[in-house]
Amino acid sequence: MKPVFALLTLLMLGLFILSLVTGPADLSMADSLLAMIWGGDGPVPIVMREIRLPRAILGLAIGGALGLGGAAMQGYLRNPLAEPGLIGVSGMAALGAVLAIQTGMALNAPLALPLSALIGAAAGAGLLILLAGPGGGSVTLILAGIAISALANAGTALVLNLSPNPYAANEIVFWLMGSLADRSMLHVALALPLILLGAVLVCGTARGLDALTLGESAAMSMGVSAVALRWRLIAGLALMIGPATAVAGVIGFVGLVVPHILRPWVGARPSLLLPASALGGAILVLTADIAVRMIVPERDLKLGVLTAIIGAPLFLHLIWKTRSGGRI
Amino acid sequence: MSLLELRELSVIRRNRQVLNDVSLTISEGELVGLIGPNGAGKSTLMEAALGMIPFSGSSSLAAMGTEGRARKAAYLPQSREIAWPVSVEDLISLGRLPWPGGGYRAEDRDAIESAITRMELQPFRHRTALRLSGGEQARVLIARALAQQTPLIVADEPVAGLDPAQQLACLRLFRQLAQEGRGLLVSLHDLGLAVRFCDRLVLLAGGTVLADGDPRHVLRDEMVQNAFGITLRHVETPDGPTVLPV
């Protein structure tokens with residue numbers, strides 16, 4: 001195993017622990033970790049187990065899903081500008097969540113919002129399968145994804161447009177910015193199994209994505225079934241990205257930038273980039289989620305805003321690199 | 001022994017008959033040149049034979065499972081696509097994907113090393129394939145097909161875009177591979193090279209096989225006039241017969 005994988009794993013574990021010990025409650029690191037493991041009386045175990053642990057687990061899982069999904073999409077489409085949101089599932093999940101807020105369902109039941117978002121994601125995945133079909137190529141998949149995203153964005157805009165009062169609109173806008181604050185173990189139980197299942201499916205495409213480096217025809221001649229690869233990828237991405245968006249909102253740029261950052265270190269071979277990007281995505285989201293709690297703890301800085309702030313300069317770097325004749 | 005048998009293979013694309021009842025056999029030790037004008041159906045014939053596109057009729061390869069087929073035939077597509085800056089060695093190792101273990105067993109390493117040595121790629125093995133010249137990239141891709149260790153190699157215009165020295169080197173290698181017992185189906189536009197190097201030529205025009213057999217017999221004046229609308233001057237050289245389009 002390359003040393004960079006060991007380094008990424010250590011960094012991720014370190015940030016996971018740092019995420020556990022970061023928060024407005026003034027707790028010492030040792031006490032809080034011990035209280036989380038051994039429990040006990042008082043508010044500390046509750047803070048650790050009910051507030052910080054789900055937040056850290058979700059940061060790790062969602063970041064990993066976004067990083068893995070980004071690397072898989074870039075590998076499948078052989079395009080370094082691809083990202084997991086391209087298939088439209090996250091847009092549809094957001095629409096589902098926005099509808100739950102608009103209709104007031106989100107207030108009545110704690111899981112109404114993520115469940116509604118999951119239904120939206122499932123509808124998005126179904127629509128994608130219907131539009132892209134088993135025989136369609138990668139261009140059809142992108143077009144179908146763009147169409148679904150446009151539809152979902154239009155639906156979200158319509159809901160915002162028709163929102164009954166500024167408070168509902170405000171809540172929708174804030175939810176869309178993405179956050180891991182105030183998530184519970186219920187959110188973890190809802191999203192984590194699906195994300196793990198999706199990750200297993202996506203990891204199973206690694207050899208096929210390697211072969212796709214030489215184009216679709218060459219990959220097929222090397223024993224890769226284009227149809228099986230495509231289904232596995234679509235199902236895996238939908239299972240990861242749908243639940244990730246359902247519980248955390250829209251967290252952009254992670255799936256796009258993480259493979260770019262890691263390619264010089266682990267190489268461009270998709271089978272190496274997939275696990276590296278999962279680790280890198282988890283690192284980026286955990287870091288950003290720690291940062292939102294530290295930069296302005298008194299204001300609710302949204303996670304998606306921070307990842308976008310981190311992601312934008314990387315694009316400036318890519319522009320600079322391509323203008324100097326390099327490859328992105 | 002036959003490595004590929006096509007029986008009455010037909011392909012219809014967008015309501016157009018691209019291939020019409022093509023029957024063809026490739027045997028061990030045979031270098032078969034597939035010639036014909038642009039749009040004759042050469043690439044379609046190769047893709048259908050390998051089971052990559054729907055067809056009617058039968059192909060002995062397409063009838064196998066995906067992995068089984070990949071252990072019988074390696075394919076070099078017309079487009080030399082390399083999507084990512086991957087090292088030469090990594091690209092060549094992709095040829096081991098159809099085999100159990102997918103590139104990590106001792107026999108996989110031997111196959112990869114043998115392909116690197118045969119294509120004289122040792123100096124480049126750790127370099128990024130995208131930084132190599134077109135000719136060097138073509139050698140890398142042929143090495144990938146060799147690493148697949150299949151009895152049959154199907155190559156779609158493998159010498160297109162190569163300089164004359166590289167074209168000769170490529171076809172000499174194919175000749176050697178045929179002498180070692182492999183079967184090769186290679187589409188070519190250069191009829192002079194096709195006559196010089198191939199054991200047999202298959203002339204395809206309008207999706208139909210016009211002629212199949214000895215190169216000089218296939219490239220008869222009326223056949224060439226019919227398929228390409230040109231005439232050929234047959235020339236004897238110290239290296240054997242060749243033809244010049246006039």
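User: Before we look at the sheet in chain B, when do two strands count as paired?

Analyst: Two strands pair if DSSP finds at least two bridges between them. Strands (E, at least two residues) and helices (H or I, at least four) are DSSP runs, numbered from the N terminus. This is a predicted model, where local features need pLDDT of at least 70, side-chain atom pairs count only at pLDDT 80 or more, and totals for chains, interfaces and linings use all residues. Residues are numbered from 1 along each chain as its sequence is written, with chains lettered from A and ligands numbered from 1 in the order in which they are written.

User: Okay, what is the strand order in the open sheet of chain B?

Analyst: Reading across, you get E5-E6-E7-E3-E8-E9, six strands with mixed pairing. E5 and E9 (208-213) are the edge strands, each pairing on one side only. Inside, E3 (residues 31-35) and E8 (residues 200-205) of chain B run parallel, joined by four bridges. Leu34(B) sits opposite Val202(B) in E8(B).

User: And how do I read burial: is helix H1 of chain B largely enclosed or open?

Analyst: Count neighbours: a residue is buried if 20 or more other C-beta atoms, placed from the backbone, lie within 10 Å of its own. Seven of the eight residues of H1 (residues 42-49) of chain B are buried, so the rest of the structure largely encloses this helix. Among them are Leu45(B) and Met46(B). Just after H1(B), Gly51(B) has a positive phi of about 75 degrees.

User: How many residues of chain B are in contact with chain A?

Analyst: Contact means C-beta atoms, placed from the backbone, within 7 Å. By that rule, 22 residues of chain B touch 18 of chain A. H2(B) gives the largest share of chain B's side, three residues.

Notes
Buried ≥ 20, exposed ≤ 12 C-beta atoms within 10 Å, placed from the backbone. Contact = placed C-beta atoms within 7 Å.
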